[in-house]
Amino acid sequence: MAKDDSKKFENSLLKKLDAKLGGQLSEASSEEDFTGKPGQSLVLRLPGLGSKRIGLIGLGQSATNTYNFRNFGEAIAAAAKTAQASDVGIVLASTGSISNESKLNTASAIVSGTVLGTYEDNRYKSDSKRPVLKSVDILGLGTGPELVKKLKYAEDVSSAVIFGKELVNSPANVLTPAVLAEEASKIASTYSDVLSATILSAEQCIELKMGSYLGVAAASANPPHFIHLCYKPSSGPVKAKLALVGKGLTFDSGGYNIKTGPGCSIEFMKFDMGGSAAVLGAAKAIGQVKPRGVEVHFIVAACENMISGTGMRPGDIVTASNGKTIEVNNTDAEGRLTLADALVYACNQGVEKIIDLATLTGACRVALGPSIAGVFTPSDELANEVFTAAEASGEKLWRMPLEESYWESMKSGVADMVNTGARQGGAITAALFLKQCPVGYATMCRAHLLGIFSIIFYSNNILSM
């Protein structure tokens, strides 16, 4: 956005464009104090020049990664919505220093941001308006089969992200555990060449001694459904086996420790299955992309945490499927109880690495805010893999400490452990709790466990791993 003494752009592309427009662009940018900050936009009408409008969209001074360019695409989508534009052309003011590979990644990130930014969930509105943006042309970032492949990948991932968002946005009276299981089965049916589905009933979970999970589900009129999708490549050897485990509380009332008072957010507790939405979104994306050499298990212990005469009470002791006993000192710390049995089940699939995604603790949001997910793992190798994937897909993660001394607050006088510890360090004690879950099967399961605790409604980082 730098200008010379005559207040004309120094950038060659902007200079030529501004000359075609009789200086309107430089004049308007000065008057509107447009400096190119990320997300900043300036749109002008251009009667009689073919295009109806021209816009400047800010990228910032050091836009180099997927996160920056995806946000740029979202800003373009927002500007297009405001202008009610049906067709948009995008060109970067400067592409000279971008390598060919980076151009492909940049185009892919812009497309992802634009698609996600255009999407609106109007399913529950009687008078819904569809997005008017129909086509996007990206100029100057390459052509050919490699770009087509990149854009197809971006399309597949974006459709999976949107699927996950729709799951999260669905109200609890619509998206029950049974319906979530149905959605999982539909994914497996759609990509049946590589995906299979196993849905366990409450009776089957009883046979597997999933007392921790079933204790949470006991109060609800909607029975639990344990979801297991398995991806196997259609050809070639399997070199790695992974599991993605997602928290699947389709509604969380808090149980007898009911959520009350300002900030309890009980009206938003349909979001408590955000982890499962991410996992099922990943299943959809992987079913479309069909990566070779990897077997992936997608596991969700779906249920509701409600209140009734059959419900779990504070002080009850439940037994997880690995034999560990848990004193329930707070029924609102229910997610970790469902994940306990889900993680044991994942271990029994013979996987090498497990990634657990969950809206597990408000403490994590207090520590890191609404845009950064906290990561817990004792494995440096797995942490590095996940952070590499997060950087490639534009996600913000931060590794948190597993402070073993905090486990003292999780010890019970009558059972192996309690389900909540001291208020301070609540995200850490939650991670330490989940770390105990596979211990009973240590000889069978040597999987590295990683937990991503986030209050973000849907995070698409796992889709690019």
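## Starting at the N terminus

Lysine 7 sits in the segment that comes before helix α1. In this predicted model, lysine 7 counts as exposed because its relative accessibility is 60%, and the cut-off for that label is over 50%. Now look across to asparagine 419: 412 residues of sequence separate lysine 7 from asparagine 419, and their C-alpha atoms are 65 Å apart in space.

## Helix α1 and its two ends

Moving on from lysine 7, we reach α1, which spans residues 12–20. At the start of this helix, asparagine 11 points a side-chain oxygen to within 3.1 Å of the backbone nitrogen of leucine 13. On the other side, α1 is followed by glycine 22, with a positive phi near 65 degrees.

## The overall fold

Stepping back, the protein contains 13 helices and 15 strands. Its C-alpha atoms fill a box of roughly 80 × 55 × 45 Å along the principal axes. How does the radius of gyration fit with a compact globule, and what is its value? The protein has 25 Å, which agrees with the value near 23 Å for a compact globule of 465 residues.

Contacts tell us about the chain's path too. Of the contacts with a separation of 6 or more, 74% involve residues 24 or more positions apart.

## Surface, interior and charge

Buried residues account for 50% of the 465 in the protein. The exposed area is about 21900 Å², and carbon and sulfur atoms supply 51% of this area.

As for charge, there are 44 positive and 45 negative side chains. The centres of these two sets lie 5 Å apart.

Technical notes: Residues are numbered from 1 along each chain as its sequence is written. This is a predicted model: local features need pLDDT of at least 70, side-chain atom pairs count only at pLDDT 80 or more; totals for chains, interfaces and linings use all residues. Side-chain values use heavy atoms; hydrogens and water are left out. Helices (H or I, at least four residues) and strands (E, at least two) are DSSP runs, numbered from the N terminus. The radius of gyration is taken over C-alpha atoms; the globule rule is 2.2 Å times the number of residues to the power 0.38. Buried means under 20% relative accessible area, exposed over 50%, partly exposed in between (1.4 Å probe, protein chains only). Contact means heavy atoms within 4.5 Å. Accessible areas come from the Shrake-Rupley method with a 1.4 Å probe; for residues, only the protein chains shown count as cover. Lys and Arg count as positive and Asp and Glu as negative; His and the chain ends are not counted. The place of a charge is taken as NZ of Lys, CZ of Arg, CG of Asp or CD of Glu. A polar contact is a pair of N or O atoms within 3.5 Å; within protein, one must be able to donate a hydrogen and the other to accept it, and residues adjacent in sequence count only if both atoms are side-chain atoms.
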